[in-house]
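Hi there,

Here is the structure I promised to pass on to you. Have a look at it first, and then read on for what I found in it.

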Amino acid sequence: MERMSRLLLQVICGCACVFAIQACRRQETVETPIKDEKDARHRSARFLLDQYQANKFDFDWLGMKLAAVYTEPESELSFNATIRMRKDSVIWVSVTPMLGIEVIRMLLTPDSLLFLSKAPGNEFIYRGPFSELCNLTQTQIEFDMLQDLFIGNALALETDERRFRSEEDGSQHLLISKYRRKVRRMVGVDDSDLANDTIYVDPNDPRYLKAIRKVDEDGLIISRYWLDPVHFRLEKSVFNDLLRSRTMEIEYSNFQFDGEQVYPTIGKLKLDNFITLREIQYEITRLSSGKPYDFPFEVSSNYPVRDSL
């Protein structure tokens with residue numbers, strides 16, 4: 001049960017990206033456009049960034065129920081979760097295994113984390129800073145990034161067009177982060193030829209050892225974003241962390257309307273460090289936006305308090 005508690009926390013807070021969403025109100029499925037060459041005619045990075053910002057999913061309140069499956073080599077974990085969010089303020093999560101008994105409850109704010117484990121044999125309460133998630137997941141995830149993960153918005157997409165070059169990849173628009181000449185030599189792939197290349201760096205390559213001493217950490221992350229040609233919503237993103245030799249890939253498809261906004265109903269997240277591949281898939285069976293929610297978090301005094309996760 002202790003392994004389940006830790007694994008579920010990692011999954012929800014570090015990897016929650018994959019959706020098959022059915023709203024509680026009637027939904028209208030977005031017709032998949034006929035994709036031809038004119039759909040993906042060249043657009044500038046400035047144009048694509050502006051269109052994405054105008055069309056990304058926005059909310060004040062959001063609630064969802066989901067079923068999830070997390071897989072890694074030789075193991076698989078299935079669970080259900082209820083998630084409630086207020087933009088920029090609160091994320092509340094309740095997790096139940098397939099048996100339907102709550103085992104984890106979390107309350108996150110931009111500064112704090114409450115984590116309650118009800119798993120038999122591993123019952124405890126933890127109160128600490130939001131930064132504890134960074135330590136647990138070994139990422140620099142921020143609160144707004146976590147909310148973007150849940151709703152399918154692009155992660156860490158900057159608004160400065162000088163940081164990107166734009167390309168067309170079939171029927172999709174592609175934004176690629178520019179990177180320095182030292183990094184280009186290290187990966188052996190020019191930033192104009194990254195639409196289909198998998199990036200791998202030999203950590204024993206002298207060029208790699210030299211580059212990591214001279215380039216800051218952000219400069220060693222290559223980001224790519226694929227946008228659909230009609231609604232300019234994110235369909236795929238890939239992040240290559242050259243410093244730690246790991247890759248995160250997120251894919252979205254089958255978009256639907258929620259009011260006038262468009263969001264993905266199907267998605268998949270993969271985490272690959274070239275040794276171990278982890279993957280998570282979600283099916284959200286109910287979604288509602290715009291309605292205020294409570295965030296209950298009563299804790300019995302019988303639960304022991306831990307000072308770390």
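Strands E12 (residues 246–258) and E13 (residues 261–272) pair in the antiparallel sense, with eleven bridges between them. Try finding Phe 257 on your screen: its bridge partner in E13 is Val 262. The two strands form a hairpin with two residues between them, and Gly 259 there has a positive phi near 65°. Please keep in mind that this is a predicted model.

On to the other pairing of E12. Strand E11 (234–241) is joined to E12 by six bridges, and these two strands also run antiparallel. Here Phe 239 stands opposite Met 248 in E12.

Which residue in the loop between E10 (221–227) and E11 should you look at? I would pick Phe 232, which lies in that loop. Phe 232 is not a glycine, yet its phi is positive, near 55°. Its relative accessible area is 8%, and since buried means under 20%, Phe 232 counts as buried.

There is another residue of this kind in the loop between strand E3 (75–86) and strand E4 (90–96), namely Asp 88. Asp 88 has a positive phi near 65° and is likewise a residue other than glycine. Is Asp 88 buried, exposed or partly exposed? With a relative accessible area of 47%, Asp 88 is partly exposed.

Now for a helix. In H2 (residues 45–55), the residues Ala 45, Leu 48, Leu 49 and Tyr 52 are buried. If you look down the axis of H2, the buried residues fall within an arc of 100°, so they line one face of the helix. The spacing helps to make sense of this: an α-helix has 3.6 residues a turn, so residues three or four places apart point the same way. What do the buried residues of H2 pack against? Their partners are strand E8 (164–169), strand E9 (172–177) and E10.

Finally, a word about confidence. The average pLDDT of the chain is 77, and 72% of the residues score at least 70. Over residues 13–38, however, pLDDT stays under 50, although the model has 82 contacts beyond four places in sequence for them. Residues 181–190 are also below 50, and this stretch has 27 contacts in the model beyond near neighbours in sequence. Where pLDDT is low, the predicted coordinates should not be read in detail.

Enjoy exploring, and write back with any questions!

Best wishes

Notes:
Residues numbered from 1 in each chain as written. Predicted model: local features only at pLDDT ≥ 70, side-chain atom pairs only at ≥ 80, totals over all residues. Heavy atoms only, no water. pLDDT = per-residue confidence, 0-100. Contact = heavy atoms within 4.5 Å. Helix = DSSP H or I, 4+ residues; strand = E, 2+ residues; numbered from the N terminus. Buried < 20%, exposed > 50% of the residue type's maximum accessible area, 1.4 Å probe, protein only. Arc of directions from axis to C-beta. Pairing = 2+ DSSP bridges.
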